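Here are a few short exercises to work through with the model open. Try each task before you read its solution.

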Amino acid sequence: MNTDYSNKATNEEIRARFDRDVERFSNLDTGQATTIDAPITMDLCTEAAKYANPDATQLLDIGCGAGNYTLKMLEKVPNLNCTLNDLSQPMLERARERVSAQTSGSVETIQGDMRGLELPDGQFDIVLAAATLHHLRDDADWEAVFGKIYKLLKPGGSFWISDIVQHDAPLLEALFQQRFADHLEKLGGAELRKKVLDYVAHEDTPRSLNFQLDLMKKGGFRYTEVLHKNGNVAAFGGIK
Ligand SMILES: C[S@@+](CC[C@H](N)C(=O)[O-])C[C@H]1O[C@@H](n2cnc3c(N)ncnc32)[C@H](O)[C@@H]1O
């Protein structure tokens with residue numbers, strides 16, 4: 001695995017791109033259409049969270065974007081107190097507006113890098129992180145963020161991820177990259193394919209499903225579960 005991140009986008013560059021891209025993340029029916037099976041992964045993560053924590057009152061959505069995952073969660077467990085984190089203030093503003101209209105619970109927004117989140121241990125029943133952890137870089141980053149999320153959860157609380165994933169075997173990585181490119185081309189032609197693959201190459205450093213499940217197990221999660229995987233996108237999680 002390449003561990004030289006010097007050519008990768010800075011948080012500032014990532015934030016600036018998402019600041020300009022709020023609309024694309026504001027469609028609850030399609031989710032983020034550029035990722036394969038976005039509506040299915042949104043549905044499965046929130047359904048699993050509902051089954052794991054039917055009496056949940058406290059939700060944290062990391063890299064919440066315009067709030068799609070939280071909105072889907074509120075359809076299943078209503079009136080949650082929602083804590084929304086994102087690097088991008090315009091994303092958070094859209095998320096606050098949409099989420100406030102759907103819950104009688106509190107809505108707190110925290111603008112900033114997920115690595116620096118400071119919240120009380122044991123506060124949350126459910127933590128969601130969709131299409132955002134792939135911005136983490138080296139092992140220390142991943143270990144610290146997964147460790148933080150474990151601490152933020154109540155005992156029995158659950159953590160659900162939907163994200164692009166890498167593959168440990170290089171030949172399979174090539175296969176799934178090709179399928180991702182085909183998906184993008186079908187969705188928006190060669191132009192969309194190039195645009196998305198260019199920013200993925202510059203901004204993203206996804207890790208494999210195996211790596212992330214191992215991190216959860218090592219970090220103390222009692223159960224880990226894969227909900228769905230198609231091509232380079234997976235939905236999975238753990239219960240504390
Ligand atoms: C691809 S969007 C996904 C948004 C939302 N979770 C969804 O599925 O619709 C990724 C989001 O993560 C945010 N983000 C990227 N890096 C982040 C970081 N280090 N800390 C917090 N948020 C981050 C971006 O600003 C963006 O809104």
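The exercises below deal with the ligand site and with salt bridges in this predicted model.

**Exercise 1.** Find out which residues come nearest to the ligand, and sort the shell around the ligand by class.

*Solution.* Start with the shell: 21 residues sit around the ligand, and Gly63, Asp86, Met114, Ala130 and Thr132 come nearest. Next, split the shell by class, which gives 10 nonpolar, 8 polar and 3 charged residues.

**Exercise 2.** Which polar atoms of Gly63, Asp113 and His135 lie within 3.5 Å of a ligand nitrogen, backbone or side-chain?

*Solution.* Take Gly63 to begin with: a polar backbone atom of Gly63 is 2.7 Å from a nitrogen atom of the ligand. Now go to Asp113, where a polar side-chain atom lies 2.9 Å from a ligand nitrogen. Then check His135: here too a polar side-chain atom is involved, at 3.4 Å from a nitrogen atom of the ligand. To round this off, look at cover: on its own the ligand has 600 Å² of accessible area, and the protein covers 98% of that.

**Exercise 3.** Where does the ligand sit, and which elements give two or more residues to the shell around it?

*Solution.* Look at the cavities, and you'll find the ligand in the largest one. Then go through the elements: α1 (11-19) and β2 (81-86) are the ones that give two or more residues to the shell.

**Exercise 4.** Count the salt bridges, then place the one between Arg17 and Glu203 in the chain.

*Solution.* With a 4 Å cut-off between side-chain nitrogen and carboxyl oxygen, the count comes to 15 salt bridges. In the Arg17–Glu203 pair, the closest N and O atoms are 2.6 Å apart. Finally, place the partners: Arg17 is in helix α1 and Glu203 in helix α6 (residues 170-203), so the pair links distant parts of the chain, 186 residues apart.

Technical notes
Residues are numbered from 1 along each chain as its sequence is written. This is a predicted model: local features need pLDDT of at least 70, side-chain atom pairs count only at pLDDT 80 or more; totals for chains, interfaces and linings use all residues. Side-chain values use heavy atoms; hydrogens and water are left out. A residue is near a molecule or strand if one of its heavy atoms lies within 4 Å of it. A polar contact is a pair of N or O atoms within 3.5 Å; within protein, one must be able to donate a hydrogen and the other to accept it, and residues adjacent in sequence count only if both atoms are side-chain atoms. Accessible areas come from the Shrake-Rupley method with a 1.4 Å probe; for residues, only the protein chains shown count as cover. On a 1 Å grid over the protein atoms alone, a cavity is a set of points where a 1.4 Å probe fits but cannot get out, and a pocket is an open set with protein on both sides within 12 Å along at least five of seven lines; lining residues have an atom within 4 Å of a point. A molecule sits in a cavity or pocket if more than half of its atoms lie within 2 Å of its grid points. Helices (H or I, at least four residues) and strands (E, at least two) are DSSP runs, numbered from the N terminus. Ala, Val, Leu, Ile, Met, Phe, Trp, Tyr, Cys and Pro count as nonpolar, Asp, Glu, Lys and Arg as charged, and the others, Gly among them, as polar.
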